Amino acid sequence: MTNTASSQPLPAPQAGLYREPGNHAHYLEMTLRDGIAAEDIKHALALALLQDLDTHIALAFGSQGWDRLQPDWRPADLQPFTTLAAKHQMPATQADLLFWIHGEDRGEVMAAAIHIGQSMAAVADVQLDISGFKNHESRDLTGFVDGTANPKEEKRIDAAQIPAGQPGAGGSYVFSQQWRHNLQSFQQLTTEQQEAVIGRTKRDNIELEGDAMPVDSHVSRTDVKVDGVGMKIYRRSTPYYSSAEDRGLYFISFACELKRISIQLERMVGASDDGIADQLMGYSQPLTGSYWFMPAQADLMQLLKEQGAGVAEADD
Ligand code: HEM
């Protein structure tokens, strides 16, 4: 049964999940310090989310972080990300908290990041701190449009949110991964070779067809069906640029079940039965990798209830 077909109402996700484009983004991954009481952490989180800026702040939890704050229940698939290694590698850098901030104004997004950093300073350490931006036509720094095959409207709800009736319903399993591009080597390819890596044309963004679509293109590795069901996920990645040596994509995706993501990752590194790897991994290197649970807005408010006055209501 799909989310939208269920007779039970689906709890609303955290504000901003479907608010596109979000021209500016900031990502903060944090580890919780040992020996801090759960109540103190919740107090800091409530303060971090209390803001009157015109941005969206979504909060997601790593497996251990969730257990520390909510020992009473957990969504069925929640687990830490572990290193994947076959023809290529994906390192695991699992932390406890992910703040995904996005909005239209860079100043407001940065102000929200500063406010969160100050609110959390006594209880957590920052492990990743990256600004992202939406590029012209939603193009990745490789020059290819990113996000085209994202499910739309009702279908994105089925893809992105845990179905009604399950623990964590309305929330999402999240995967985040910082990819550093080797743009020099990618740009040495001809346009046709680049298109074969991605599986779509560069200028017009049309999917390659038939024999023109290589089995090891990025689209071939990630467009996958299991028992007739498309393993669709909902992506909200943005490019980032830290320096000429460090620029690429902060990948972030949302799914109704974890296996939709893990199957794609295994097919990318070459760990699936066919042993084929994604050509894209020859031109971009994953530096981080974490699984998260982003609870529905009502579950987040319940978690932070005692401290949570002012935590924003969901608006979509
Ligand atoms: C360097 C990192 C990555 C880059 C530059 C990248 C870029 C792209 C581009 C340009 C497309 C084609 C347009 C579109 O439909 O969005 C695409 C499709 C897609 N990517 Fe990625 N991607 C990256 C990593 C990942 C990862 C880690 C996953 C899985 C967890 C993933 C999952 C997908 C999916 C599901 C599609 C749509 C396939 C389809 O149904 O046609 N991507 N990506």
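The exchange below concerns the ligand site and the largest cavity of this predicted model.

Colleague: What makes Gly147 a polar contact of the ligand?

Modeller: A backbone N or O atom of Gly147 lies 2.5 Å from an oxygen atom of the ligand, and because the cut-off for such a pair is 3.5 Å, the pair counts as a polar contact. Gly147 is also among the residues that come nearest to the ligand, together with Thr148, Ala149, His218 and Arg235.

Colleague: Why are His218 and Lys232 given polar contacts with the ligand?

Modeller: A polar side-chain atom of His218 lies 2.9 Å from a nitrogen atom of the ligand, while an N or O atom in the side chain of Lys232 is 3.2 Å from an oxygen atom of the ligand; both pairs are within 3.5 Å, and therefore each is a polar contact. Among the elements that give two or more residues to the shell around the ligand are strand 7 (172-181) and helix 7 (218-222).

Colleague: How is the shell around the ligand divided by class?

Modeller: The shell has 11 nonpolar, eight polar and six charged residues, with Gly counted as polar.

Colleague: Why is the space lined by Pro21, Trp100 and Arg236, among others, called a cavity, whereas the ligand's space is called a pocket?

Modeller: A cavity is a space where a 1.4 Å probe fits but cannot get out, whereas a pocket is open; the space taken by the ligand is the largest pocket, while the residues you name help to line the largest cavity, so the first is open and the second is closed to that probe.

Colleague: How much space lies in the largest cavity?

Modeller: About 50 Å³, which means that the largest cavity passes the cut-off of 30 Å³ or more, by which the count comes to one cavity.

Technical notes
Residues are numbered from 1 along each chain as its sequence is written. This is a predicted model: local features need pLDDT of at least 70, side-chain atom pairs count only at pLDDT 80 or more; totals for chains, interfaces and linings use all residues. Side-chain values use heavy atoms; hydrogens and water are left out. A residue is near a molecule or strand if one of its heavy atoms lies within 4 Å of it. A polar contact is a pair of N or O atoms within 3.5 Å; within protein, one must be able to donate a hydrogen and the other to accept it, and residues adjacent in sequence count only if both atoms are side-chain atoms. On a 1 Å grid over the protein atoms alone, a cavity is a set of points where a 1.4 Å probe fits but cannot get out, and a pocket is an open set with protein on both sides within 12 Å along at least five of seven lines; lining residues have an atom within 4 Å of a point. A molecule sits in a cavity or pocket if more than half of its atoms lie within 2 Å of its grid points. Helices (H or I, at least four residues) and strands (E, at least two) are DSSP runs, numbered from the N terminus.
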